[in-house]
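Work through the exercises below with the sequence and the model at hand. Try each task before reading its solution.

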Amino acid sequence: MNHGAPGVIRWNDARLHETTRASRTPNVLWRHPAWICLGASLGLTTLGVVSINLTAGTNAVGVGSYALKQLIFLPVGLLAASIAAAPHYKWVGRMTPALVAATIAMLLLVLVPLVPEWIVKPRNGARRWISLGVADFQPSEIAKIVYVLILARYLRFRKNYRRLRGLAPPLALTFVPMALIVIEPDLGTALLFIPTFFAVLVAAGAKLRHMALLVLAAAMLAPAMYPVLRPHQRDRVHAMWNQIRGDRRNADSINYQGFQAITLIGAGGVVGQGADKSRAIIDFNNLPEDHNDMIFAVIVNRFGLVGAIATISLYLAWIAGAMLVAGGCKDPFGRLVVVGLAAILGTQAFINIAMTVGLAPITGMTLPFVSYGGSSLVVAYAMVGLVWNVAMRRPAYLARKSFEFGDDD
Amino acid sequence: MKTQRLIPSMFHRRLTLLLIFFLIGGAGLAARVGRLTIIDHEALLREAERRLESSRWIETTRGRILDRRGRVLATDRPAFDIAVDYRVITGEWAVIEAARSARRSAGDRWAELSPAQRDALIDAALPEFTAELEGLWADFAATAGLTRVELEERRSAIIADVQRTANSIWERRRLARQEELSRQRETLVEATLADVARPIREQRTPHVLLRGVDDRIAFAFRKLAERRPGLHINDGVARAHPFDVVEAVIDLSTFPANLRQPGERSVTVRGAVAGIVGWTRDKVFEEDIKLRQEATGLAPAEDPGRYLPGDTVGSFGLEKQHELTLRGERGREGRRLDTGAIHRVEPKPGADLRLTIDLDLQTQILAALTPELGLTVVQDWHGNFTVPVGETLAAGVAVVDVRTGEALALVTSQTFTQEELTTDAGRIFGDPVLAPAFHRAFDRPYEPGSIVKPLVLAAAVGAGAHSLGARIDCPGHLLPGRNDIYRCWIYRDRFGFLTHSQQVGGPLDAVEAIARSCNIYFYTLGRALGADRLAAMYRDLGVGGKFGAGLEAAAPGFIGRLDGTPMEPTDAIFMGIGQGPVSWTPLHAASAYADLARGGRHIVPRIIDDGSPPIQRDLGWNKAAINEALAGLKKGVNDTVGTGHHYTLPTGQQRIFDVPGVRIAGKTGTAQSGPIFGDAPEGSARPVLRSGDHGWTVVLAGPENGPYTHAVAVVVEYGGSGGRVAGPIANQAVHALKRLGYFDGVSP
């Protein structure tokens, strides 16, 4: 075999080296920080099942039906995680355009009025769900992951986003799914895309001053967007403002849910109420969606401030675990996918908690891993699977570290 | 630069930045939860636990109203309310049942039938159910003891009431809907009633058609409910008035000769205290809620005595004036939904009102006023020139205890029972002449007339306007050379233009002036006192002021010109004989005479004995003048020259007061009055329904050898002569006092 001139590594030499290395060390690593994400996810799911069970009411015997279903969804979620982790993430990257096309098709499908109701069943005036017979799923949930994949794929080898003009294409990528989801309407999910966009761009090395400029522009545009909001959305903004000020005028009407959530949270105290008392308080206070969007209020009522800090810490641990995975990865696509997933999951968790504690208007948004709901849980575990996917792939030996630019701003 | 040195990789620095961002967010959320769970914990836990408690009200009982001897005049008693489903009341039930029946009979074919075919089937089934409803109403009326007309009126009233409520709610819903739609579509959108006219709660629930029935009737309705639709027999409370209809025994041998009958007679007396006790209603008005809130200073949510729909509310009389005292507070039974623990706050029953009124005295006096016995009917010997013989007269009687100032009886001749409030409302509230809704003893003021003369004497001497030894000549008229104005009552054609001076052979002293009721003597005193001092005298006697407990709604009387202009000397002259710009009630009159008997000490009259000492003050009257006045009063009824001594019947003279063993002093009077007009079409003159003078008699009575212990004042509207018409009634009141032992030295 001709190795050429000494000191010069030829293409086929590098390939040979890789092949040799691959034959001596396994491609799949088992010691990696994604364990933190999985541990945090399981911890949150456990907390979720316990809390969902508390919402079964004082007359429930044994494990409540929602909690039981959630337990059944857990293996499905783990299966989804395994499926997401199995193929190499680069292969997933290559499949991304096809996934984008399929997702946009599904997002369009739910919006087409002529689609029969056995396929798309409107609920409360919203068209978000595609019926699978045994269960319904929301294309917007898939869209969250696919958005991260396509954004990461777009940015992986580029540098143009370090110019202000270069931010336009990724912004366009963001507004397409957002617009389709806003029309459903599902403003809450749509809003997740913005922080994710910023997080991925920040991680990819976009200039911070450009980011700040965008935030400033958004802040200035926000009041102008107010008239575009639908009346019920405006009412919720008003209600939240009243709630923050302690004005109870809407406590029995539009802000009933918000006030009930705060009541349950405050009633929890520092260490929470006993199981029976908490179950009774939750049962008789009739908090709407207590097993679902408002599950954080149930957690705090049962486990108090300690439970709240534990929950927030588990999310921070999840995010930190994902950041460690991203930090350990050299591949630009892998890095951005993990950062994007961490951002979207963290943002969803934080917005959900913020609306439950009365710091954000109430929107229909689940608390990942914790809220009752099959598709939410499966998608969240699929994210875990993708983080695992990146974490357990050994980086290319000679790969150049990506997104290393000389200046931060 | 330092950061770059710490973390050489830019990507890692950015990851760190993101992580810090999330950490800050997490800390912010934890801080918010910390605030809620630490600072706001107590309040929010209370709020959350409030919902763990299921509670129900425990009904209280309204306080009783008792007479001075402890007899229960008004009380709550357990009873039953008979309610009927609203759809049955409206008749809609028959249509619904007919539709059900038609659907049943059509079976599976129903879905294939056209609307017209369905309607035909329903129409065919309808008569059966209409007949069922007709049977229900016939049975209902028979069981309840109502006429069909009365029952239909009650049904119509409920339908009208519910419809009013529904219209009000629907209009509110319509406006809210309109606002919501307009906001959503950002343009004005008109909402129609059809958008919001869903049945309200009252249109789906039973309504009470018959309240407060006893066990027997409730049992009959229970049997009826087994075969008739929509009937509900609910536990309830009824306000009972055990003495609303009573039998009183009266001695007719003490009546004027031509009305006299031998021995005693039992008379059915209806509603003897209804005008005092008042009545309640089962409908709460906004005004009730507002008044209670003002009185208690409590918001409805904090007030255990707050009104709930269907509560009993005082509507008139003491029931209304003392609503706060009588009402009581509900109790509450709370049950913890999680533990089952029960927490109970006992209800506070309403406080009793103990009256100073003696039911026996009240009923005996009222029995004497029964028109069938003749005292309140115009007799030919009354000499009434304005009201035809045989017409019923309205009278009021007040009896006051001299020692305590308490009213022992306040009687009005036109009474009604609690039941008659609904069955005979037309007479009670619609008769403009006899007007039973007005209580003549304290509710309507009249000019005092001559009964005020002894009081004017006491006041004039007390004020230094008249010397007790000074005699006054009665030439028949006050002003020399003017015999057409300020004349004495005796200086008339029919008395041969006599004067009192001619009768007594010179100027009159105070005793003669009072006994003979000389106008000239008191014109003179009135002129000497002046209008202001006379007004002060009336005010001192309580006119224009407030009575004591239980008489909050009594007429205060009036002093001064109606047009508000200052009184003039002419007014003072007339006020000296109880005419002119002044009016008072029999209660004022009896109280004023009691003041005289007390030696010039005024006690504010009351009818509720709440244990507090009476409010009293000295009037500053001259004691010698008081004695002279009392002597004049005594002579006035005991000497043949007195105006209160006798009346003349076709059979001869008869003494007005003939109660053996009782010391009597008194005065009669006649008060001018405006006529009562009836309604007339616009443009035509209103007919005079009744006109003439009101007749007064006021007496002080006591044991033969003791002080005067009781004051009795009687007014007979348009009765004319005080002595002939009011006198015999006052005599019967004194008889009743004696019969009941009031002159035996121990007040019952």
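The exercises take up confidence, chain contacts, a buried helix, the cores, strand pairing and some single residues.

This is a predicted model, in which local features need pLDDT of at least 70, side-chain atom pairs count only at pLDDT 80 or more, and totals for chains, interfaces and linings use all residues. Residues are numbered from 1 along each chain as its sequence is written, while chains are lettered from A and ligands numbered from 1 in the order in which they are written.

**Exercise 1. Confidence**

State the mean pLDDT of chain B and find which of its elements have the lowest and highest means.

Step 1. pLDDT is the predictor's confidence in each residue, from 0 to 100. Its mean over chain B is 90, and 98% of the residues of that chain reach 70 or more.

Step 2. Elements here are DSSP runs, helices (H or I) of at least four residues and strands (E) of at least two, numbered from the N terminus. In chain B, helix α1 (residues 2–6) has the lowest mean, 57, and strand β25 (residues 710–716) the highest, 97.

Step 3. For the complex, the predictor gives an ipTM of 0.89 and a pTM of 0.64.

**Exercise 2. The contact between the chains**

Describe the side of chain B that touches chain A by its elements and by residue class.

Step 1. Two residues are in contact if their C-beta atoms, placed from the backbone, lie within 7 Å. By this criterion 34 residues of chain B meet 45 residues of chain A.

Step 2. On chain B, the elements giving two or more residues are α2 (10–39), α3 (41–50) and α7 (148–185). The largest share, 21 residues, belongs to α2(B).

Step 3. Sort by class: Ala, Val, Leu, Ile, Met, Phe, Trp, Tyr, Cys and Pro count as nonpolar, Asp, Glu, Lys and Arg as charged, and the others, Gly among them, as polar. The side of chain B that touches chain A then has 18 nonpolar, 8 polar and 8 charged residues.

**Exercise 3. An enclosed helix**

Explain why helix α8 (residues 193–203) of chain A is called largely enclosed.

Step 1. A residue is buried if 20 or more other C-beta atoms lie within 10 Å of its own, exposed if 12 or fewer, and partly exposed in between, with C-beta atoms placed from the backbone. Of the 409 residues in chain A, 49% are buried.

Step 2. In α8(A), 9 of the 11 residues are buried, so the rest of the structure largely encloses this helix. Among them are Phe193(A), Phe197(A), Phe198(A) and Leu201(A).

Step 3. The cover over these buried residues includes α5 (139–155), α6 (168–183), α7 (187–191), α9 (208–225) and α14 (332–356) of chain A, together with α2 of chain B.

Step 4. Gly205(A) follows α8(A) and has a positive phi, near 100°.

**Exercise 4. The nonpolar cores**

Identify which residues have the most contacts inside the largest nonpolar core.

Step 1. A nonpolar core is a set of buried Ala, Val, Leu, Ile, Met, Phe, Trp, Tyr and Cys residues joined through C-beta atoms within 7 Å.

Step 2. The largest such core has 147 residues, and Val397(B), Ala590(B), Val712(B) and Val714(B) have the most contacts inside it. Helix α20 (residues 519–540) of chain B supplies its largest share, 11 residues.

Step 3. A second, separate core of 134 residues includes Ile265(A), Ala308(A), Leu377(A) and Ala382(A).

**Exercise 5. Strand pairing in chain B**

Give the order of the open sheet of 3 strands and say which strands stand at its edges.

Step 1. Two strands pair if DSSP finds at least two bridges between them. The order is β1-β10-β11 in chain B, with antiparallel pairing.

Step 2. β1 (53–58) and β11 (342–345) of chain B are at the edges, each with a single partner strand, so one side of each lacks a neighbour in the sheet.

Step 3. β1(B) pairs with β10 (residues 331–336) of chain B over 6 bridges, and Ser55(B) is opposite Gly334(B).

**Exercise 6. Positive phi in a loop**

Is Asn286(A) buried or exposed, and where is it placed?

Step 1. Asn286(A) lies in the loop between α12 (275–285) and α13 (295–328) of chain A. Its phi is positive, about 50°, although it is not a glycine.

Step 2. Asn286(A) is exposed, because 11 other C-beta atoms lie within 10 Å.

Step 3. Glu289(A), in the loop between α12 and α13 of chain A, has a positive phi of about 60°. Glu289(A) is partly exposed, with 17 other C-beta atoms within 10 Å.
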